[in-house]
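Please open the model in your viewer, colour it by secondary structure, and keep the selection panel at hand. The tour goes from one selection to the next and says at each stop what is there.

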Amino acid sequence: DSTLNALANQKRRSILHELSLHPATVRHLAVSNALSLPAIHKHIRILEKSNLIVRKKSGRTNFVALNSNTL
């Protein structure tokens with residue numbers, strides 16, 4: 001159910017498509033999808049809970065990539 005819920009939103013599908021091409025920073029995803037940082041974080045949390053993506057923090061920068069364990 002959580003995976004289908006995550007995929008039901010167009011913005012989250014757009015984020016997944018972009019991550020299928022290359023990992024990205026949260027800020028880059030926000031800019032490329034015309035979202036505020038709080039909004040992109042909401043979408044990323046939903047995708048993380050569905051195990052579709054993983055987030056790694058390096059300093060103050062958050063990097064996001066597709067979760068290869070679920071593919």
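The stops below cover two helices, two residues inside the fold and two loop residues, all in a model that is predicted.

**First stop: helix H2**

Select residues 10-21, which form helix H2, and look at the helix from the side. The 12 residues of H2 should span 16 Å at 1.5 Å a residue, and the end C-alpha atoms are 17 Å apart, which agrees with that expectation. Now show the side chains of Arg 12, Ile 15, Leu 16, Glu 18 and Leu 19, which are the buried residues in H2. If you turn the view to look down the axis of H2, these buried residues fall within an arc of 160°, so they line one face of the helix. On the other side of H2 you will find Gln 10, His 17 and Leu 21, which are exposed.

To see what the buried residues of H2 pack against, add helix H1 (2-7), strand E1 (24-25), H3, helix H4 (37-49), strand E2 (53-58) and strand E3 (61-66) to the display. Before leaving, zoom in on the start of H2, where a side-chain oxygen of Asn 9 comes to within 2.8 Å of the backbone nitrogen of Lys 11.

**Second stop: Arg 12**

Stay in H2 and centre the view on Arg 12. Which side chain of opposite charge is nearest to Arg 12, and how far away is it? That side chain belongs to Glu 48, at a distance of 12 Å, and Arg 12 is buried yet has no salt bridge. What the side chain of Arg 12 does reach is the backbone oxygen of Asn 5, at 3.4 Å. Apart from neighbours within four places in sequence, the residues in contact with Arg 12 are Asn 5, Ala 6, His 43, Ile 46 and Leu 47.

**Third stop: helix H4**

Next select residues 37-49, helix H4. H4 has 13 residues, and the distance from its first C-alpha to its last is 18 Å, close to the 18 Å expected at 1.5 Å a residue. Show Ile 40, His 43, Ile 44 and Leu 47, the buried residues of H4. Viewed down the axis of H4, they fall within an arc of 100°, so these buried residues line one face of the helix. The face turned away from that buried side carries Pro 38 and Lys 49, both exposed, while the cover over the buried residues of H4 includes H1, H2, H3, E2 and E3.

**Fourth stop: Leu 29**

Select residues 26-32, helix H3, and pick out Leu 29 within that helix. Leu 29 has a relative accessible area of 0% and is therefore buried. With residues up to four places away in sequence left out, Leu 29 touches Ile 15, Glu 18, Leu 19, Ala 24, Ile 40, Ile 44 and Val 64. You may also draw a C-alpha to C-alpha distance from Leu 29 to Leu 66, which are 37 residues apart in sequence and 13 Å apart in space.

**Last stop: two loop residues**

Finish with the loop between H3 and H4, where Ala 34 is found. Ala 34 has a phi near 55°, a positive value in a residue other than glycine, and with a relative accessible area of 68% this residue is exposed. Then move to the loop between H4 and E2, the place of Asn 51. Asn 51, although not a glycine, has a positive phi of about 60°, and its relative accessible area of 44% makes Asn 51 partly exposed.

Definitions and conventions:
Residues numbered from 1 in each chain as written. Predicted model: local features only at pLDDT ≥ 70, side-chain atom pairs only at ≥ 80, totals over all residues. Heavy atoms only, no water. Helix = DSSP H or I, 4+ residues; strand = E, 2+ residues; numbered from the N terminus. Buried < 20%, exposed > 50% of the residue type's maximum accessible area, 1.4 Å probe, protein only. Contact = heavy atoms within 4.5 Å. Lys, Arg positive; Asp, Glu negative; His and termini not counted. Salt bridge = Lys/Arg side-chain N within 4 Å of Asp/Glu carboxyl O. Polar contact = N/O pair within 3.5 Å; in protein donor to acceptor, adjacent residues only side chain to side chain. Expected span 1.5 Å × (residues − 1). Arc of directions from axis to C-beta.
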